[in-house]
Structures are given as structure tokens and as C-alpha cells.
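Thanks for making time, everyone. I've got one structure to walk you through today, so let's put it on the screen.

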Amino acid sequence: MRCSLFSQAWLRWLLRCCALVPCIAVFFLLAFLLYKGLPQLGVPLFFDDVPPLDALLGRRPVWDGLWPACAGTLYLVGLTLALALFPGVGCGLYLAEFASPRQAAHIRLVMDVLAGTPSIVMGLFGFTLILFLRHSFAPGANTSLLLAACCLALLILPVLVTATCEALEAVPGSLRLTGTALGFTRRQLARRLLLPAAAPGIWGGIILAMGRAAEDTAVIMLTGVVANAGLPAGLGDKFEALPFSIFYTAAQYQDTNELLRGFGAALVLLLLSSFLLLCARRMEVRFRRRWQGVS
């Protein structure tokens, strides 16, 4: 009996130590990034010596600041959501409310395969697509903002589908019974009751998808991002993005000041991702409190 109690206590101690390892690693990583990047935050990090108003209005180009990369990231995330939002939410709605068990199994299998696809493979797919177009019927095809957004839309599609499906499945069954008793058809029930009720959960998934699109580097490296493109001029042009700027700075920096600017860029991206994660968490808590009574 004593040996059993000793074994259980030793196992609990070991598990606690194992749980502390990633926490300590993350703590030191964040502390190091804050130590290096926090002093770099400021107007010169984004606009260098260009007046902010001129840079924001596009009157003068910014070559040594993060503003073009930030603008490119915003364009990229917005275009990616525009391409993936309707198919993702629509597929999640169909999967949760209209698909037969066999259809649901097939859709879930496809989403699992798509979710498990490495981002570098998605980038290679986009690059191969451009090569195919060049050698077939579009000789002028080239990597661009639109191509990167299309590849990222495929990458975040499983996030949107899963979040929508789970949010709809978490809606209490009593709401469905109420809608059916009122004479709603399945489409009216989904449009007038289920989607508004599941909206906080769906918005949480959308925000997580935005973070996924904003931080990915492997896809955009092969589909149109470059180091000094300036502000995006159009859907068919090259662009800059924060993740690639960090990667490029870490690989090609010439002096200590340039490396420190890379730490500042990494901190900006971390703050952006953390903000989106907190927003998604807030949406989830709101949804649980509203429909499940969980605090």
C-alpha cells in the first residue's frame, strides 16, 4: 500500500515537472523577445525617416520600415478571408445540419487531410500551378498576392469548417425543437436561429483563421512575397509580409541594428497573433456563457 502511494506521488511529481518544461521554455522565449524587441518599438520601426502621414497615404515609399510589410499582411489576410469565408462557413453549416452520415464522414476525411497538409506543400502547389499555367494557356502567369491568398485560403479552410461545425453542434437541441415547433423549414431554422446563435463561436474560428493566415511563411515564400516590394500595387503584383520580413532579416542582416529591427518585427507579429488569440478566446467564452452556462 505504501509502495503504491509512493508511486502515485512520484508520478504526480514527474507529471508536474513535465508540465513545467514547456511553460518555462515559453517564458524564457517571450522574455528574450521582449528584451530584444521592446526597445525597438516606435515610429522609426514602421516608417524609418518617412513622415507617417506620407507613408500611410502612399505619397512616399518606405524602404527600411515595417509599414509595407504590415500593409501587405493586412491585404493578404483580407483577401484570404474573402476567398475562404463563404466556402468555409457554408461547408461547416452543411456538415453540421444537412449532410448524411456518409457524406459527413467523407467531408471530415477531406478536411482532416487538408488540415494535415504541411504549409510548404501548399506553397509548392501554388508554385507548380503557376508553372502549369505558363506552359499551357497563360504564358504571363506569375506569383502574386492573389496566388498567395488562394493557397492560404486552402490552408485555413479546415479551421473555418471545423469551427463552424463545432459551434453549430454546441447549440442546445431545445433551440432546434423550438424552431421546428414554430414551423421553420431546415433552411429557415439554420438561417434564422442556428447561425445567429452560433455566431460567437464562428467568429472565434474566423479570428483564429486570420491569425493562421497572418503568421504563415512557407506558403508565401513560394507564391509571391519579396523583400522590397513596397505597398501592394494590385492583386497580380508582388508584396511584402511580416513573417517573410522576419525570416529575411534573420538570414540576411548586415549589422546589429538591422538584426534588432528583426526582433522588433517579430514582437509586432507576436503581439498581433496574441491579440487575435485573445479575441478568439473571448468569443469562445461568450458563446459558452450564452448557451451552455459555462463560466
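I'll start with the overall fold, then go through two helices, the cores and a few single residues.

First, a caveat: this is a predicted model. The protein chain has 12 helices and zero strands, so reading the elements from the N terminus is just α after α, all the way along. The C-alpha atoms fill a box of roughly 70 × 65 × 40 Å along the principal axes. The chain has 295 residues, and 38% of them count as buried. As for contacts, if you take those with a sequence separation of 6 or more, 71% are between residues 24 or more positions apart.

Now, what does the record say? UniProt, in an unreviewed entry, puts "domain: ABC transmembrane type-1" at residues 70–278. In the model that stretch is 78% helix and 0% strand, with its end C-alpha atoms 20 Å apart. The unreviewed entry also lists "transmembrane region" at residues 12–35, 74–97, 109–133, 145–168, 189–211 and 259–280. I looked at two of those. Residues 145–168 are 100% helix, with 33 Å between the end C-alpha atoms. Residues 259–280 are likewise 100% helix and 0% strand, and there the ends are 32 Å apart.

Let's go to α7, residues 145–169. With 25 residues at 1.5 Å each, α7 should span 36 Å, and its end C-alpha atoms are 35 Å apart, which agrees. That doesn't make α7 straight, though: there's a bend of about 40° at isoleucine 156, and proline 158 follows within four residues. Is α7 enclosed or open to the outside? Well, 18 of its 25 residues are buried, so α7 is largely enclosed by the rest of the structure.

Helix α4, residues 67–98, can be read in a similar way. It has 32 residues and runs 45 Å from first C-alpha to last, close to the 46 Å expected. And α4 also bends by about 40°, this time at alanine 84, with proline 87 following within four residues.

While we're on α4, have a look at glutamate 97, which sits in that helix. Is glutamate 97 buried or exposed? Its relative accessible area is 15%, and the cut-off for buried is under 20%, so glutamate 97 counts as buried. What does glutamate 97 touch, beyond its sequence neighbours? Two arginines, Arg176 and Arg186, plus Leu168 and Leu194.

On to the packing. The largest nonpolar core has 50 residues, and the members touching the most others are Leu76, Leu152, Ile156, Ile220 and Phe239. Helices α4, α5, α6, α7, α9 and α10 each put in at least two residues. Which helix gives the largest share? That's α7, with 15 residues. So Ile156 turns up twice in this talk: as one of those well-connected core members and as the site of the α7 bend.

Take leucine 152 as a close-up. Setting aside neighbours within four places, leucine 152 contacts Leu76, Thr80, Ala213, Asp216, Val219 and Ile220. Apart from that big core there's another one, of 14 residues, including Leu45, Phe47, Leu66 and Trp67.

That second core brings us to the aromatics. There are six aromatic pairs in the count. One of them is phenylalanine 46 with phenylalanine 47: tilted, 6.5 Å centre to centre, with 45° between the planes. Those two sit differently, by the way. Phenylalanine 46 is partly exposed at 24% relative accessible area, whereas phenylalanine 47, at 10%, counts as buried. Ring pairs also bring in Trp67, so Phe46, Phe47 and Trp67 make a cluster.

Last residue: leucine 56, in helix α3, residues 52–56. Leucine 56 is partly exposed, with a relative accessible area of 47%. Leaving out its near sequence neighbours, leucine 56 contacts Phe47 and Trp67, and both of those belong to the cluster I just showed. Finally, leucine 56 is 12 residues from proline 68 in sequence, and their C-alpha atoms are 9.5 Å apart.

That's my tour, so let's open it up for discussion.

Note on methods: Residues are numbered from 1 along each chain as its sequence is written. This is a predicted model: local features need pLDDT of at least 70, side-chain atom pairs count only at pLDDT 80 or more; totals for chains, interfaces and linings use all residues. Side-chain values use heavy atoms; hydrogens and water are left out. Buried means under 20% relative accessible area, exposed over 50%, partly exposed in between (1.4 Å probe, protein chains only). Contact means heavy atoms within 4.5 Å. The expected span of a helix is 1.5 Å times one less than its number of residues. The bend at a residue is the angle between axes fitted to the seven residues ending there and the seven starting there. Rings of Phe, Tyr and Trp (its six-membered ring) pair if their centres lie within 6.5 Å; planes under 30 degrees apart count as stacked, over 60 as edge-to-face and the rest as tilted. UniProt positions are given in the numbering used here, feature names are shortened, and annotations may be inferred rather than shown by experiment. A nonpolar core is a set of buried Ala, Val, Leu, Ile, Met, Phe, Trp, Tyr and Cys residues joined through side-chain atoms within 4.5 Å.
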